[in-house]
Amino acid sequence: MQRVLRATLLAASVCIVASACGGKKEPEFGIPDQQAIRAATSTLETSFNAKDVDKILSLYTDNSVFMPPNKPLLRGRDPLKQFYDGLLKNGSKDLKLTPTDVAGHGPLAYESGSYSMMNGDVHDRGKYLFVVRNMNGAWKIEYTSWSSDLPPS
């Protein structure tokens with residue numbers, strides 16, 4: 001009788017442990033994800049240079065956080081649209097984004113790299129960081145931060 005009770009308890013314990021370890025598995029972050037993120041960055045660069053603000057905004061999440069240098073934090077599409085409209089109307093052009101690192105886990109990833117662009121008559125260059133989220137199969141920019149390598153003017 002004790003053997004049957006021990007065997008039953010052991011079997012129940014194994015089942016409990018196995019079910020606790022069998023939770024929903026997140027998809028692996030791999031080469032296709034890196035390629036998709038780099039493609040989105042390329043689309044951002046092309047759209048910026050074409051002054052296509054609507055296409056730029058389509059690359060961001062609805063609740064994106066934008067941290068431009070020397071300016072207050074922006075949150076959401078409307079402030080982001082105003083920022084890009086102003087930037088492009090003031091003569092910013094020739095954006096070049098050069099990703100160096102892309103990594104992630106599950107639905108979150110980051111991309112870091114360098115940028116250069118004409119900002120009026122100044123050739124600006126620096127570094128950037130995007131935090132991206134996989135939303136229904138599409139990688140969208142959720143956080144953006146960058147800083148210039150040039151000294152303050």
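This passage describes the fold, the nonpolar core, the aromatic pairs and a few individual residues of a predicted protein model.

The protein chain has an average pLDDT of 88, and 83% of its residues reach a score of at least 70. Confidence falls in one N-terminal stretch, residues 4-12, where the pLDDT is below 50 and where the model shows zero contacts beyond near neighbours in sequence. Where pLDDT is low, the predicted coordinates should not be read in detail.

The secondary structure of the protein chain consists of four helices and six strands, and these elements follow one another from the N terminus in the order α-α-α-β-β-α-β-β-β-β. Of the 153 residues in the chain, 31% are buried. The accessible surface comes to about 9,800 Å², with carbon and sulfur atoms accounting for 57% of that area. Among the contacts between residues at least 6 apart in sequence, 50% connect residues that are at least 24 apart.

Helix α2 spans residues 31-49. For its 19 residues, a rise of 1.5 Å a residue leads to an expected span of 27 Å, and the C-alpha atoms at its two ends are 27 Å apart, so the modelled helix agrees with the expectation. The buried residues of α2 are D33, I37, A40, T41, L44, E45, S47 and F48, a set in which L44 and F48 recur as members of the largest nonpolar core. After α2 comes K51, a residue with a positive phi, near 60°.

The largest nonpolar core contains 28 residues, and the members that touch the most others are L44, F48, Y60, F66 and Y84. Contributions of at least two residues each come from α2, α3 (53-58), β1 (60-67), α4 (77-89), β3 (92-105), β4 (108-119), β5 (122-135) and β6, with the largest share, five residues, supplied by α4. The surroundings of F48 can be listed in detail: apart from neighbours within four places in sequence, F48 is in contact with I56, Y84, L87, L88, S92, K93, L95 and M117.

Aromatic residues were then examined over the whole structure, and the search finds ten aromatic pairs. In one of these, F83 and Y84, the ring centres lie 6.1 Å apart and the planes meet at 80°, so that the pair is classed as edge-to-face. Both partners are buried, F83 with a relative accessible area of 13% and Y84 with a relative accessible area of 6%. A further pair, formed by Y128 and F130, is tilted, with 4.7 Å from centre to centre and 45° between the planes. Y128 counts as buried at 5% relative accessibility, and F130 likewise counts as buried at 4%. A single aromatic cluster is formed by F48, Y60, F66, F83, Y84 and W146, and four of its names, F48, Y60, F66 and Y84, also appear among the core residues that touch the most other members.

Between Y128 and F130 in sequence stands L129, which is placed in strand β5. Whereas Y128 is buried and F130 is buried, L129 is partly exposed, with a relative accessible area of 37%. When residues up to four places away in sequence are not counted, L129 touches Y110, E111, S112, Y143, T144 and S145. The C-alpha atoms of L129 and G113 are 6.8 Å apart, at a sequence separation of 16 residues.

Strand β6 covers residues 138-148 and includes E142. E142 counts as buried because its relative accessibility is 10%, which lies under the 20% cut-off applied to buried residues. Leaving aside neighbours within four places in sequence, the contacts of E142 are with T61, N63, S64, V65, L108, V131, V132 and R133.

The segment after β6 contains P152, which is exposed, with a relative accessible area of 81%. Although P152 and N70 are 82 residues apart along the chain, their C-alpha atoms are separated by 9.7 Å in the model.

Technical notes
Residues are numbered from 1 along each chain as its sequence is written. This is a predicted model: local features need pLDDT of at least 70, side-chain atom pairs count only at pLDDT 80 or more; totals for chains, interfaces and linings use all residues. Side-chain values use heavy atoms; hydrogens and water are left out. Buried means under 20% relative accessible area, exposed over 50%, partly exposed in between (1.4 Å probe, protein chains only). Contact means heavy atoms within 4.5 Å. A nonpolar core is a set of buried Ala, Val, Leu, Ile, Met, Phe, Trp, Tyr and Cys residues joined through side-chain atoms within 4.5 Å. pLDDT is the predictor's confidence in each residue, from 0 to 100. Accessible areas come from the Shrake-Rupley method with a 1.4 Å probe; for residues, only the protein chains shown count as cover. The expected span of a helix is 1.5 Å times one less than its number of residues. Rings of Phe, Tyr and Trp (its six-membered ring) pair if their centres lie within 6.5 Å; planes under 30 degrees apart count as stacked, over 60 as edge-to-face and the rest as tilted.
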